[in-house]
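Please open the model in your viewer and keep the selection tool handy. We will take a short walk through it together.

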Amino acid sequence: MGSAFYVTTPIYYVNSEAHVGTAYTTIAADVLARYNRACGRRVFFLTGSDEHGMKMVRAAKDKGLTPEQLVDTLVPKYVELWKHLNISNDNFIRTTDPLHARTVQALFGKLIEKGDIYKGTYRGWYCTPCERYVPQGAATPPPCPVCNRPAEHLEEENYFFRMSKYRDRLLALFEERKDFVRPESRRNEVLNRVREGLEDVSVTRSTFEWGVRMPGDEKHVVWVWFDALINYLSGAGYPHDMAKFAERWPADVHLIAKDILWFHSVIWPSMLMAADIEPPRSIFAHGWWTMNAAKISKSAGNCIYPMDITAQFGVDALRFFLLREVPFGGDGDFTHSAFLGRFNNDLGNDLGNLVLRTITMAEKYFGGIAPAPGVSGTQDDALVNTAKNLEDSVAGHLKNLQFSHALEAIWQLVRAANRYVEECKPWVLAKNEAEKPRLATVIYNLLQSTRICAAYLSPFMPGTCEEILWQIGYEKPVSVRLPLDATWGQYQSGLRLRKGRPLFPRVEA
Ligand SMILES: [Zn+2]
């Protein structure tokens, strides 16, 4: 079961344009998908759109549209953005897809059969912008714990899911699999809340119609979160393609932002237990991005849109910055000076410079043909060791979803190669014909270091890496196999190099 590597993003609520925080989760998932594919694993990468719920009904009404019309204008923008950001998802699931609706109804039906759905009345508070129930607090109305808006009072006949029944099994799952929820601090938060008790949850709404009809009671639609979580099954083939589904499920990792952790780590596994489906292998909750230390939100007017960045700096600079700047799991602050610093220093001075000077020297000293190595020297050891250690460190960091550490490790090789140029001084060797065999080794080693860096960077910056590999002699489209293509000594001498444009020309503040 589940031999493929299955990674998901949340399905995004499409009522507003995707900002940098949305792109963050999707890019992280894309890196995992691309890395695992490069390692030869079968991969299934799912993303999609969450389209039901009261919030969409209201947004459509404001624009004088039906909810169907509204989502049909919004969803293509997401699909386009993912294409623009070079996202390699294998499927895009929409909750308005009839196939998804049938899956929701099938799962709901299973829970009814199990006796886990009962009729009751929900009396309490609800935050429609966040589509979540809000507990009564000191203030009336209580503010939503996520967005701080005052919650609305609801009193309606609902069906409830007997989630309390699964508390002990859930606790056992958390105990048995310490990495079920990552990072650990978030795992502990959730675990403590579950220990305090688990209430049943209202899973239908009866005051509007924009949703999946509840099987057995057509007056109700399924609560938007219950509906949305099931995308991880419907998008992977459940129950319409059980052979594919068996290959994919359980998901290896659900990537999410920290504000939706409860839904994913408590409600979702309880639903699966009730339906006799194995829970996912892990859930990883990353932090939030702030802009100059303020939370990014539409109402604060400080949204950063991916296209604004990529228009000036390119797609890969954004992909790189988001994953390099902040350890995955923590919060991050997006500032223009931090972005420019990474762009000019890491990408321009370190990586761009390495590629440019290596090819320039190979052209000057060897007519643009990669030389075969000749004589080794004492300066080689440090470079060789750094390159050889990279495989284990990248694999280890990506297993733990520590993207920034993986990039840091790759940069150790980028910097070691630049240092190697300074130490070996090819321009001095070139003046002495007797040093030609040594010069050949130096240039060859620089070319193979460049190749190794590009191979490991390809999941992070696919476009740039293809360009680098093309410049050092490979044909497009380049497909990277790891760790083979990053093995020391695998670079082929005799390849014709192609000097291209500088990769990351300096941008002044
Ligand atoms: Zn809210």
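The tour visits two pockets and then a pair of helices.

This is a predicted model, where local features need pLDDT of at least 70, side-chain atom pairs count only at pLDDT 80 or more, and totals for chains, interfaces and linings use all residues. Residues are numbered from 1 along each chain as its sequence is written, and side-chain values use heavy atoms, leaving out hydrogens and water.

**Stop one.** Select S16, H19, K55, P129 and D259, which lie nearest the centre of the largest pocket. Its lining counts 48 residues (a pocket is an open set of points on a 1 Å grid over the protein atoms alone, where a 1.4 Å probe fits, with protein on both sides within 12 Å along at least five of seven lines; lining residues have an atom within 4 Å of a point). The largest pocket holds about 1,400 Å³ of space, taken as that filled by probe spheres set on the points.

**Stop two.** Now pick Y133, V134, P135, R193 and W262, nearest the centre of the second largest pocket. Its volume is about 1,100 Å³. Colour helix 6 too: with five residues, helix 6 gives the most to this lining (helices are DSSP runs of H or I, at least four residues).

**Stop three.** Show helix 12 (residues 315-325) and helix 15 (residues 403-424), whose axes, 7 Å apart, make an angle of about 105 degrees (axes are lines fitted to C-alpha atoms over the stretch in contact, and angles run from 0 to 180 degrees between N-to-C directions). Helix 12 and helix 15 are therefore roughly perpendicular (65 to 115 degrees). Finally, display F320, L323 and R324 of helix 12, which meet F403, S404, L407, E408 and W411 of helix 15 (contact means heavy atoms within 4.5 Å).

Key: Helix = DSSP H or I, 4+ residues; strand = E, 2+ residues; numbered from the N terminus. Parallel < 35°, antiparallel > 145°, perpendicular 65-115°, else oblique.
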